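Biologist: I should like a close look at one part of this model, namely its division into domains. Please set out how the chain is divided, and then describe the local features that deserve attention.

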Amino acid sequence: MAFVTASSPGEQASPSDKPWWRSAVFYQVYPRSFADSTGDGVGDLAGLRDRLGYLELLGVDALWICPVMRSPMADGGYDVSDPRDIDPLFGDLAVLDEVIAEAHDRQIKVTMDLVPNHTSDRHPWFTAAVAAGPDSSARARYIFRDGRGPDGAEPPNNWPSVFGGPAWTRVTEPDGSPGQWYLHIFAPEQPDLNWDNPEVAADFEQTMRFWLDRGIDGFRIDVAHGMAKPPGLPDMDTVDTRMLVHDDDDPRFNNPGVHDIHRRLRKIIDEYPGAVAIGEVWVDDNVRFGEYVRPDELHLAFNFRLAETPFDATSIRAAVDNSLDAVAAVGASATWTLSNHDVEREVTRYGGGSVGVDRARAMLLLELALPGAVFVYNGSELGLPNVDDLPDAVLQDPTWERSGHTERGRDGCRVPLPWEGDRPPFGFTTGRSWLPMPPQWADLTVEAQLERMDSTLSLYRSAIEMRALRPEFAGDELDWYGSPAGCLAFRRPGGLVCALNASDEPIPLPPGEVLLSSAPLDGNRLPVNAAAWLV
């Protein structure tokens with residue numbers, strides 16, 4: 001069966017007068033795994049600064065830098081003890097200023113993570129709260145409650161932590177007696193803030209202005225569907241103790257009050273023309289998801305459906321339609337990503353080995369052909385797989401300890417990037433990398449791939465460049481072709497056609513001139529596990 005041509009493309013959109021972020025390619029930098037300048041084995045901001053030429057060569061429009069603020073690092077920096085300073089592990093404010101200035105010189109925007117749902121338990125506010133005792137103004141910044149049962153020995157409700165175990169930890173009062181419990185949706189080292197307290201919102205606004213005044217172009221807001229808690233903190237009807245599981249009806253997240261918080265934060269962002277607020281929003285229902293990207297809330301919100309979808313044409317098409325539908329009603333732009341620091345890398349997710357690489361390359365072309373913003377996780381452009389055989393002794397994800405060593409956590413997708421050479425640590429550091437790197441990555445280094453036109457890195461560079469320059473990528477919609485079983489194809493209003501073959505045999509291409517393909521073509525046939533762009 002051949003592809004059935006879709007309806008003719010609509011009028012081509014006029015030259016872009018839309019905000020830069022609506023169709024930007026963002027590159028997610030997980031700092032400790034990107035590039036190390038000091039030899040301590042941990043990536044840092046100076047390492048990022050020194051590699052900005054590579055990111056310019058890759059062609060990305062913007063960076064998203066994961067947390068670099070002061071932190072005890074109980075959860076990779078998402079436990080912040082000082083939100084307005086840089087942790088010495090990564091450098092200092094002067095180095096960040098250099099990153100911002102040089103990135104801007106290279107026409108690359110810089111966004112960074114902010115963590116509003118919780119702080120570190122070593123934040124001055126929290127140490128003051130524990131020392132101050134019940135009913136104090138210091139405790140009112142967090143969510144402290146008396147326990148249930150005899151002597152308050154049971155947690156205030158039945159909520160579990162996302163990382164395993166209960167979401168409550170009991171403190172010892174200043175007089176030495178067993179005391180109240182504090183809420184931590186994540187690790188015990190990450191106590192949840194009380195966003196009903198005006199001090200919390202005011203302090204976060206101060207943090208936003210601090211970074212925006214330094215030239216940051218916006219923020220990725222961690223757990224953007226959190227912050228607001230339901231009145232009375234009711235028990236969950238069903239307690240799901242699996243870790244990192246998301247449910248729209250989970251009372252820990254997605255409570256209506258969160259939208260007032262985002263409206264307040266948006267007013268700060270709007271004081272800085274061109275700045276963007278990007279939310280981590282694990283919400284499946286399209287109506288409820290769309291509420292986060294209404295015109296007075298977040299600019300963008302991560303929709304993770306593609307990152308959760310198998311390499312199956314029907315499932316991929318459903319994920320694309322769903323993601324577009326989720327933002328259409330509110331006039332927002334879709335976001336696309338295939339992986340991040342919390343998700344198994346796509347090469348592994350699609351089957352591993354050469355099959356996983358072929359499918360990941362095909363999905364890259366599909367992703368970059370879609371209307372909206374795209375987020376590339378560092379290392380995806382190299383076709384890196386997950387490292388699922390890390391020694392137990394090196395695992396650092398809190399999930400590993402909290403699960404009693406039954407859940408290995410997310411370290412497998414956080415192994416540092418290989419830059420050059422033929423053996424670990426592949427130019428990432430002059431010391432020993434914080435997570436070990438597989439010797440088999442010698443062919444996957446940046447150095448090796450830049451020399452090969454058929455490499456995954458070269459495919460990324462070509463695809464990102466075409467997406468930025470070709471008028472065929474214009475328009476915010478797409479039309480689906482009729483496709484052979486196991487395949488899909490769509491046309492953008494500007495005239496681009498993207499075809500993907502997830503079947504088990506080669507298929508004829510749709511009509512048109514081939515711009516780019518993820519695998520060599522056999523005449524007019526698209527191989528298995530491949531995608532192509534045509535005009």
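Modeller: In this predicted model, the protein is divided into three parts: domain 1 covers 25-117 + 198-464, domain 2 covers 124-183, and domain 3 covers 477-534. Domain 1 is thus assigned as two segments of the chain, 25-117 and 198-464. Between the centres of domain 1 and domain 3, taken over C-alpha atoms, the separation is 29 Å. These two domains touch: 22 residues of domain 1 are in contact with 22 residues of domain 3.

Several local features can be placed against this division. Proline 424 and proline 425 are joined by a cis peptide bond, with omega at about 10 degrees. Proline 425 itself is found in the loop that runs between helix H11 (398-402) and helix H12 (446-450).

A second backbone feature concerns aspartate 151, a residue other than glycine whose phi is nonetheless positive, near 60 degrees. Aspartate 151 belongs to the loop between strand S6 (144-145) and strand S7 (168-172).

The surface also merits a remark. Asp247, Asp284, Asp285 and Glu308 together form a negative surface patch. Of these residues, glutamate 308 is situated in a loop, with strand S11 (300-302) on one side and helix H8 (313-328) on the other.

How values were computed
Residues are numbered from 1 along each chain as its sequence is written. This is a predicted model: local features need pLDDT of at least 70, side-chain atom pairs count only at pLDDT 80 or more; totals for chains, interfaces and linings use all residues. Side-chain values use heavy atoms; hydrogens and water are left out. Patches are made of residues with over 30% relative accessible area and no salt bridge: like charges are joined within 9 Å, nonpolar side chains (Val, Leu, Ile, Met, Phe, Trp, Tyr) within 5 Å. Accessible areas come from the Shrake-Rupley method with a 1.4 Å probe; for residues, only the protein chains shown count as cover. A salt bridge is a side-chain nitrogen of Lys or Arg within 4 Å of a carboxyl oxygen of Asp or Glu. Lys and Arg count as positive and Asp and Glu as negative; His and the chain ends are not counted. The place of a charge is taken as NZ of Lys, CZ of Arg, CG of Asp or CD of Glu. Helices (H or I, at least four residues) and strands (E, at least two) are DSSP runs, numbered from the N terminus. Domain bounds come from an automatic or database domain assignment. Contact means heavy atoms within 4.5 Å.
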